[in-house]
Amino acid sequence: MYLRLAFRNIFRNKVRSLITLGAISFGCISLIIAGGFIENTFIQLRESYIRSFLGHIQVYKKGFLEQGVARPFDFMISNPDEVIKKITDHPHVVAATPRLEFSGLLSTGETTVSFIGQGVNPKWENQISTFVQLEKGENLAEGDTYKTILGKGLSEALMAKAGDPLVLVANTKSGAINALDMEVKGVFFTSSKAYDDRALRVPVEVAQKLLHTDDIQTIVVLLDDTSETDAVIAGLNERFKKDGLDLEVKPWYDMADFYTKTVDLYKRQFFVLKLIIGIVVVLSVFNTMNMAILERIGEVGTIMALGTKRRGVVTLFLLEGLILGIVGGVIGVASGYLLAMLISYIGIPMPPPPGATIYWTAQIEMVPAIFAFAFVLAIVTSVVSSCYPAIKASRLEIAEALRHNI
Amino acid sequence: MGIIKIEKAGKNFSLGKTIIHALKGVSLEIGKGEFMAIVGPSGSGKSTLLNLIGCIERPSSGTVMIDGTDIGSLSPDELAEIRSSRLGFIFQSFNLLPVLTVAENVEYPLHLGGGEKRTRAEKVAGVLKEVGLERFSSHKPAELSGGQRQRVAIARALVGSPSIILADEPTANLDHRTGEEILNLMKDINRKMGATFVFSTHDPKIMNIADRMVELRDGEITFDHVS
Ligand SMILES: Nc1ncnc2c1ncn2[C@@H]1O[C@H](COP(=O)(O)OP(=O)(O)O)[C@@H](O)[C@H]1O
Ligand SMILES: [Mg+2]
């Protein structure tokens, strides 16, 4: 009976109920769209960091992370091919590629500048290092020998272009000086100008030859699924331990400092948004219920005179709030879903993230947790904001309330 | 012994700093099955007295006993319990719930007490027949005339088989003829079912239908006549 009364009472003032339902569903939709947008930004940002540079996992010699900056050549992985084989054996691993970093001087004969070099395996690296974009010439390829690609700023400083000869000079692992004749194959740029001003890449074999070593420093691992990162790390650690390998493993999220900070910031902003939407829904339902009670003082008097207890009156008005919340939540979640699909289909053009140069397209991520949260928020806030009006109605003086009927 | 026994009942209202003595030590005993009218000018305390008998308000002083229960010490929930189980109400403005149908309005008091759905429906059909509105059970109150609405209200007051039915100016919003019909219907029910009726009115012609007439003036009984 209360349910029937509550239902019909809602339909009594259709315009007002529609406005309230609109406010509740609008709250749901905003949460779903904003939350899904933020989540999508996180994912794209994360994937771009991972797939353009970091990889999901990096493997080093134990101690490299603490002391490698000062003594980079004291912590090297000595049998790289064997280790890489072990890593690629693991399920979910798509690629594992070695990197060897070094620094030195680069000369055209006329001009000499310092550089940071990275020895890479072109075949695999080209999958991971999508942040390296070729501006002129060609990227390194499998089988290249004394070829190099230069960062844009570096190539400009040297006035070198594709096909030009160069000399690379660097300290070997043991401290001697070595030089190699190279040919410029291409010029690249990344999202970081500072990096492009100093960086060059060579095939890893060339770097090893220059440094007089067979070792490498880092193995970058790419997975087929980011959510498998922790599982793969556990698996690799176990494998290395079993095989007595002195290696350590680092996940992408420990390396992507900027990403984790950004996520943290956005999560806080999203919390504020949730709060604001919650308040809007509360005020709107509160207003509706309050008006409903003002209009129905006489009726409350009647049903109380007939023997309805205070609890019954509270139940009646809370049910109205609950129904408004459920209906508004269902409409909100459903239209949020449709709108999210539509927006994702069209795509939101986005400016490059800080420090980057590439425009991208954001979509709305369908996160079940956000949908559930929006629905629960709609119901909880509607019921909560009906509480005060409901209790107020149940406390009416019956005789006084009855006079409103005349 | 009376089913309603009021002893030196007073009721005060405070309006700001002034205290209004709406009832001043009223004593009254009403027997089972009586059909009694409370008359008196506007503001004389008729509604206040009916509210005391109806367990809607508690007296400021004195005692009000309904069926042997002193209502002065009961909690709001206990008063609600008495209202739904032993009392029936008919109001001046009918007070039907506009969103419910005639049958649902009549059923409302039954749902407070629980009980099976089928027996409830039977009772509703029974009282609607009693007031001659069985054909209107699925109508909304807005589709009925004033007299018909008051009949629905009478059916609603009857449906729980209360021992006392209270009516505060039940005919005030009806034309004279309809008012008389309503009073006669109440009287019929009173005779057939033996329920005690207490109603207020200031229509002198209608007063005559009553078996007993109590006149209030300024919160005091000035006249008590059994015909
Ligand atoms: N809730 C109230 N607050 C203040 N005064 C009241 C209240 N209820 C009734 N009164 C006063 O009590 C007196 C009796 O009122 P009432 O019982 O309604 O009279 P009647 O029904 O005979 O017209 C009137 O003076 C009225 O103004
Ligand atoms: Mg009155």
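## A ligand site shared by two chains

Around ligand 1 there are 13 residues, and the closest of them are R403(A), G43(B), K46(B), S47(B) and T48(B). Because the surrounding residues come from chains A and B, the site is shared between chains. Please keep in mind that this is a predicted model. Beyond the ligand, this briefing visits two residues with a positive phi, F94(B) and S161(B), and a nonpolar surface patch on chain A.

**Polar contacts with ligand 1**

- From chain A, R403(A) places a polar side-chain atom 2.8 Å from a nitrogen atom of the ligand.
- From chain B, K46(B) takes part through its backbone, with a polar atom 2.9 Å from an oxygen atom of ligand 1.
- T48(B) uses its side chain instead: a polar atom there lies 2.5 Å from an oxygen atom of ligand 1.
- On its own, ligand 1 has 560 Å² of accessible area, and the protein covers 73% of that.

**What the shell is made of**

- Three elements of chain B give two or more residues to the shell around ligand 1: the strands β1 (4–15) and β2 (18–30), and the helix α1 (46–53).
- The top contributor is α1(B), which gives 3 residues to the shell.
- Sorted by class, the shell holds 6 polar, 5 nonpolar and 2 charged residues.

**Two residues with a positive phi in chain B**

- Most residues other than glycine have a negative phi, so exceptions deserve a second look.
- F94(B) is one such exception, with a phi of about 70° although it is not a glycine.
- You will find F94(B) in the loop that runs between β6 (87–90) and α3 (102–113) of chain B.
- With a relative accessible area of 9%, F94(B) falls under the 20% cut-off and is therefore buried.
- S161(B) also has a positive phi without being a glycine, here of about 45°.
- The loop that holds S161(B) lies between α5 (146–158) and β7 (164–168) of chain B.
- S161(B) has a relative accessibility of 59%, over the 50% cut-off, so this residue counts as exposed.

**A nonpolar patch on chain A**

- F271(A), V272(A), L275(A), I276(A), I279(A), V280(A) and L283(A) together form a nonpolar patch on the surface, with about 660 Å² of accessible area.
- One member of the patch, I279(A), sits in helix α11 of chain A, which spans residues 257–295.
- At 46% relative accessibility, I279(A) lies between the 20% and 50% cut-offs and therefore counts as partly exposed.

Note on methods:
Residues numbered from 1 in each chain as written. Chains lettered and ligands numbered in written order. Predicted model: local features only at pLDDT ≥ 70, side-chain atom pairs only at ≥ 80, totals over all residues. Heavy atoms only, no water. Near = heavy atom within 4 Å. Polar contact = N/O pair within 3.5 Å; in protein donor to acceptor, adjacent residues only side chain to side chain. Areas by Shrake-Rupley, 256 points an atom, 1.4 Å probe, with all protein chains shown as cover. Helix = DSSP H or I, 4+ residues; strand = E, 2+ residues; numbered from the N terminus. Nonpolar A, V, L, I, M, F, W, Y, C, P; charged D, E, K, R; others polar. Buried < 20%, exposed > 50% of the residue type's maximum accessible area, 1.4 Å probe, protein only. Patch = residues over 30% accessible without salt bridge, like charges linked within 9 Å, V, L, I, M, F, W, Y side chains within 5 Å. Salt bridge = Lys/Arg side-chain N within 4 Å of Asp/Glu carboxyl O.
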